[in-house]
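User: I am new to this structure. Can you take me through its ligand, its empty spaces and its domains?

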Amino acid sequence: MNSLSENSDLAGGRLTVDLGALADNWQLLNQLSGSGECSAVVKSDAYGIGIEQAVPTLWKAGCRTFFVALPEEGIRVRKAAPDAIIYVLAGYLPRTLEIYRDHALRPVINDEINSWIEASGKDRLPYAIQLETGMNRLGMSISKFEALQASEVLASCQPDLVISHLACADSPNHPLNEMQRAEFQKTVDRYVCKNTSLANSAGIFLGPDYHYDLVRPGIALYGGASAEDHLQNNPMRPVICVEARILQVKSVLPGSSVGYGGVETIRPSDRTAGRERILATLSAGYSDGYLRSAGSSDTQSGAFAAWRGVRVPLIGRVSMDLVTVDMTDHPDIDQLMGDNWQDEWIELIGPTVPLDEVACSAKTIGYELLTSLGTRYHRTYINDL
Ligand SMILES: *Cc1c(COP(=O)(O)O)cnc(C)c1O
C-alpha cells in the first residue's frame, strides 16, 4: 500500500521497515525447517508491512513459494515475483477462473473441489487441498478427501500440495498439536501426496515431526512472537519501528487529569518536588492502528513508549490522532524544554518497546497490531538485499 505521506516533514508518524531483518528471519526459519521448503505467508499486505517491498526481498533471500488470503493479493505478489509459486488460502471463488489461470494463482481448495475441477479440469491447473484435522475453521473433511480418492475424481488432477493448519501450535504442550499431526500423518500416508505441509511459524518451533515438505511461516518473518516463550525471549529480529512526532510538551499540575474521559489523574512527582509533571503529546492514535486499548487510566496502566532508548509510560486514553506520554522521569528531559522538542520523535513500537509487548498492553496479539498499522505513516524501507 502506498503511504499517503511521501514527505516525513508532513507526517505525524513514521514507520521504518527493516527488510534486512525480514530476510534474516526467513533464513533462520529456513534453517530450522531442515530439508523442508520454507515458504512465506504474505496475506494482508505482508502482515501490514507491504507486499511490494516484502516479496522481492524474500525472493532474493531464496523464498520461492508464497501464500496469500485472497486472489487480489495474489495478483500483487505475481507482479512482485513473476516466477513465484503462489497459493490462495481462500480457495477457488466462483466465476474467477481467468484470474487464477492468467496470474498462475493456485487455490487451496477447502470444499469446492467439484466447481474447481469443473472450471479448471481440461487445463489441469495446479492447486492444493487443505484438510480439516481439528481446527474446524477451513478445510476438507478427511472422509470427503478419502471418498474423492476412492472415486478417482482426482485420478487425472491430483493436488500439488496437501496442507492442514494447527490450532494451538503457540502452546507447545497443547494435546491438539499431536492429535492434528497424527490425523494429518495417517491421511497423507494412505495416499500418494506430491507435497505436504502442516506448520505455521509456531509449528516450525514444534520440531521436525511437524515440518513435512513445506512450512508456512507468517508472523515470525515479521519479527512477531509465535510461541508463548517468545514473548520473553524472541529469536526473531524486529522488522518494524513506529515513531510519532512530538506536537507539544507541557507541565500539568497534580490533581488534573489527561485526555478524554479524564480517566487518569496526575500524581505528584518526586522529580519536580511534587509541583508538576511534564507530558508530551504525540501525533499518532488509534487511527494509525495504535490501538485505543493500549491507553492508561487510574486503575489500569497502559503501554510504554520510548525516547532515546528510555521507556516512558502512556498517560490517559489514546485518541484518534493523538496520544500523551509522561516524560517527567526521563533523564534527558531538560533537552526537551523550550522549543527543543520540535523535530523529536518518540518510539511507539521498536527496539526498546517490542511489538508483542505493546500488543500485550493493548490486550491483543502482534498479528492484530501489525495488520492495523494505518496508511498515514511516512514509510521507509531500509537494508534491502
Ligand atoms: C496465516 C496462516 C499461516 C501463517 O501463520 P503464522 O501464525 O502467522 O505463522 C499459515 N497457514 C495458514 C493456513 C494461515 O492461514
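User: Which pocket is the space taken by the ligand?
Analyst: This is a predicted model, and its pockets are ranked from the protein atoms alone. More than half of a molecule's atoms must lie within 2 Å of a pocket's grid points to count as sitting there. By that test, the ligand takes the space of the largest pocket.

User: Which residues around the ligand come nearest?
Analyst: A residue counts as near if one of its heavy atoms lies within 4 Å. The shell holds 13 residues. By class, six are nonpolar, four polar and three charged. Those that come nearest are Lys43, Tyr47, Ser201, Gly218 and Tyr367.

User: How far is an oxygen atom of the ligand from an N or O atom in the side chain of Tyr47?
Analyst: Tyr47 is also listed among the residues that come nearest to the ligand. The cut-off for a polar contact is 3.5 Å between N or O atoms. The Tyr47 side chain meets a ligand oxygen at 2.5 Å.

User: Which residue has a backbone N or O atom 2.8 Å from an oxygen atom of the ligand?
Analyst: Side chains also make contacts here: His165 has a side-chain N or O atom 3.4 Å from a ligand nitrogen. The backbone contact at 2.8 Å, to a ligand oxygen, comes from Ile219.

User: How much of the ligand's accessible area does the protein cover?
Analyst: Start with the ligand on its own. Its accessible area is then 390 Å². Of this, the protein covers 93%.

User: What volume does the largest cavity have?
Analyst: The search of the whole structure used a threshold of 30 Å³ or more and found one cavity. Its lining includes Trp116, Arg124 and Cys157. The lining residues divide into five nonpolar, two polar and one charged. The volume of the largest cavity is about 40 Å³.

User: What distance separates the centres of domain 1 and domain 2?
Analyst: Domain 1 spans 19-223, and domain 2 spans 240-353. Their centres are taken over C-alpha atoms. The separation is 43 Å.

Methods:
Residues numbered from 1 in each chain as written. Predicted model: local features only at pLDDT ≥ 70, side-chain atom pairs only at ≥ 80, totals over all residues. Heavy atoms only, no water. Polar contact = N/O pair within 3.5 Å; in protein donor to acceptor, adjacent residues only side chain to side chain. Areas by Shrake-Rupley, 256 points an atom, 1.4 Å probe, with all protein chains shown as cover. 1 Å grid on protein atoms, 1.4 Å probe; cavity = no way out; pocket = protein on both sides within 12 Å on 5 of 7 lines; lining within 4 Å. Nonpolar A, V, L, I, M, F, W, Y, C, P; charged D, E, K, R; others polar. Domains from an automatic or database assignment. Points joined across faces, edges and corners; volume = space filled by probe spheres on them.
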